Amino acid sequence: MDDSAPRAGRSMFVWLVGGSQVLGLASVVLTGVWMGHYRGGFAWDGSAHEFNLHPLCMVLGLVFLQGDAILVYRIFRNEAKRNVKVLHGIIHLLALIISIIGVVAVFDFHRAAKIPDMYSLHSWCGMATIVLFCLQWVMGLMFFLFPVASSWLRATYLPIHVFCGLALMVLAIGSSLLGITEKLLFSIMPTYSLFAPEGVLANVLGILLVCFGVLLGYLITREEYRRPPNPEEESLSVHFKTLTEGGSPTTP
């Protein structure tokens, strides 16, 4: 009887993680269907087909992969933290590379079509997101994966890093929703209000992105799903307390 609650909690966690993956993958697939079926496919030639890579890369990289990079600390709670850090950094790097490809694609298309850059709210929010994402990755690299900062600085920056990760996820999904609306208004404005199939599909995509973000936020913020303390974290905590309360840290 005593083990029933932990087992139920683990079972719920598995279902929630599985649900997040279904939502994330469905978002990527729907983006591919939208751009591939309704917008003519993909290319790298400066045409509208090159633009189609932009939404696909941003949803795949800046939303789905970024979300999975955050989730690794919940999924691999009992693995060696160093290994989890490496996986976290690699997935974020992959997300960054894919997102940069998406940004290059839209600028390349704009240049070929002589369309102005960076005038819409979507472009402002999207550029802010990608720049902050780059900064977040570099800071994480320097503070945690190959730390060049002191233990006190790492302990101080850790909650900021966690908050910024969640904030970037909100920014990425918000920018995606702005981009979906902008693309629909540019492409099918006369028929959008008539529930055109393309518009319905894009609306469903937006709902999936929101659900993915909400479920991810739930998994990240629930206390019972947090990584349990380990010697490395305890050492960091003790060092931080020693430095802030006075005295010199002791060595084991």
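**Notebook: core, pocket and cysteines**

I began at Val63 and, leaving aside neighbours within four places in sequence, found it in contact (heavy atoms within 4.5 Å) with Met58, Met169, Ala172, Ile173, Ser176, Leu209 and Phe212. This is a predicted model, in which local features need pLDDT of at least 70 and side-chain atom pairs count only at pLDDT 80 or more, while totals for chains, interfaces and linings use all residues. Residues are numbered from 1 along each chain as its sequence is written, and side-chain values use heavy atoms, with hydrogens and water left out.

I then looked up the largest nonpolar core, a set of buried Ala, Val, Leu, Ile, Met, Phe, Trp, Tyr and Cys residues joined through side-chain atoms within 4.5 Å, where buried means under 20% relative accessible area, exposed over 50% and partly exposed in between, with a 1.4 Å probe and protein chains only. This core has 47 residues, and Trp34, Val63, Met169, Ile180, Leu209 and Leu219 are those with the most contacts inside it. The largest share of this core, 12 residues, comes from α3, the helices being DSSP runs (H or I, at least four residues) numbered from the N terminus.

For the cysteines, I noted that Cys57 counts as buried at 10% relative accessibility, whereas Cys134 is partly exposed at 27%. Taking a disulfide as a pair of cysteine sulfur atoms within 2.5 Å, I record a count of zero disulfides.

How values were computed. Helix = DSSP H or I, 4+ residues; strand = E, 2+ residues; numbered from the N terminus.
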